Amino acid sequence: MREFSFSAANQVYFAPGAVSKLPELAGKLGARRALIATGPRVAALPSVSSVIKALEAAGVETKIFTDIEANPSLETADALAQEYRDMGAQVMIAIGGGSPMDAAKAAAVVASQGGRTAEFSAPGAITGEVAPVIAVPTTAGTGSEVTSFAVITDRQRELKISISSPYILPKYAVLDPELLSTMPPSVAAATGADALVHAVEAYISLAASPMTDALAEKAVSLIGGSIKRFTANRGDVQAASNMIVGSALAGMAFNQAKLGDVHAMSHPVSAHFDAAHGEANAVLLPTVLEFNALADSGKYEKIYSLLIGRTPRKFEPSMLPEAVRKLFESLGLPKGLGELGVDPTLIPELAKDAMLSGNIPVNPRTTAVEDIIKMYEKAL
Ligand SMILES: [Zn+2]
């Protein structure tokens, strides 16, 4: 067993209707003014207006910031921080998918420490407490509610920047499966696939430990058992509960174990072609699993068994990428990078960007830039 360190410091609340806890949580943080960070689709949900009403009724003044786009930019995080300061807010409540949660986590740094978001991308750049964030995911998901990372897009350089620090871990993660019910099926499939990729990459990562393995195994089994039913009917509270808890478990796993080549390769695709993160990951996972099969230490069979809910009589590592491909196809996810608008002539540039990712060194099979190019070509 390798040396490891493990921490999971934030408080996670799960319950159907858990958003009703928000006034109490804001109170625990001593906040009288809350800035709600969200996107335009989520802002229109009745549950968001009832959250605002409940906060106001509890004496918490609120303001809502809805200008958060998919793959949020440095400018968006800066604007959110400015709004927080202008309002004199004492807590940031991020309601939405990975985009508002990541934007809020990055903005929390600038809101408390000044400067601009771009200045905090270097490791160790965040040196103290930041504005408190309560994260309320409405997808299942990115796991951002339980991680110390925020991924922000530098539009000028067409690069995704990862801001990482234990200080940006949200103080509270509020998991309410009822919030998932209005998600379109394509978003349910893509975000569910992302959560599965988190669990799988964390599980086979070189930085995995028995602690993260336990989290990842449970995540694969919850997601594998529910992703089809959930995509078919987001109002199925049982399936939605399994997905939102599975997604958080996967987030806690990769928060410590990191990810791998799938995420290293998907971030440049999203940065250059504005592709949905979950869709890019779903397209890349089978190809990367084929590449990594050579390094398999027996974990492929475990993932396969947890994913399909039974142990096969005879197992070959190639059965796992095949099962994943079939699952994603049944969910209606895109099959190739071409469908996401990837221009093949840019593959060398994408590969160069992918190699900068901190996930490359923990991928189970040592990966060179030529390997990345081959995998992009294969996934086209
Ligand atoms: Zn992801």
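Leu 249 is located in helix α8, which comprises residues 237-257, and the description given here rests on a predicted model. In this model Leu 249 is buried, because 27 other C-beta atoms lie within 10 Å, and a residue counts as buried if 20 or more such atoms are found within that distance of its own C-beta atom. When the neighbours within four places in sequence are left aside, the residues in contact with Leu 249 are Leu 215, Lys 218 and Ala 219. Towards the start of the numbering, Glu 3 is separated from Leu 249 by 246 residues in sequence, while the two C-alpha atoms are 21 Å apart in space.

The protein chain as a whole contains 14 helices and eight strands. Six strands form an open sheet with parallel pairing, and their order across the sheet is β1-β8-β5-β4-β2-β3. The edges of this sheet are β1, formed by residues 11-14, and β3, formed by residues 61-65, each of which pairs on one side only. On average, and with direction ignored, neighbouring strands of the sheet are turned by 20° against each other. In general, the strands of a sheet pair through backbone hydrogen bonds, and the pairing may be either parallel or antiparallel.

Within the sheet, the pairing of β4 with β5 can be described in further detail. Strand β4 covers residues 91-96 and strand β5 covers residues 133-137, and these two strands, which run parallel, are joined by five bridges. In this pairing, Gly 96 stands opposite Pro 137 of β5.

Two helices that lie across strands of the sheet may be considered next. Helix α3, made up of residues 46-57, lies across β2 (33-37), β3 and β4, and runs at about 155° to β3. Helix α5, made up of residues 98-113, lies across β2, β4 and β5, and its direction is at about 160° to that of β4. Strands β2 and β4 are thus crossed by α3 and also by α5.

At the level of the whole chain, the radius of gyration is 20 Å, which agrees with the value near 21 Å that a compact globule of 380 residues would have. The C-alpha trace spans about 60 × 40 × 40 Å along its principal axes. Of the 380 residues of the protein chain, 55% count as buried, and Leu 249 is a buried residue as well. Finally, among the contacts in the protein chain with a separation of 6 or more, 80% are accounted for by residues 24 or more positions apart.

How values were computed: Residues numbered from 1 in each chain as written. Predicted model: local features only at pLDDT ≥ 70, side-chain atom pairs only at ≥ 80, totals over all residues. Pairing = 2+ DSSP bridges. Helix = DSSP H or I, 4+ residues; strand = E, 2+ residues; numbered from the N terminus. Axes fitted to C-alpha atoms, helices over the stretch in contact; angles between N-to-C directions. Contact = placed C-beta atoms within 7 Å. Buried ≥ 20, exposed ≤ 12 C-beta atoms within 10 Å, placed from the backbone. Rg over C-alpha atoms; globule rule 2.2 N^0.38 Å.
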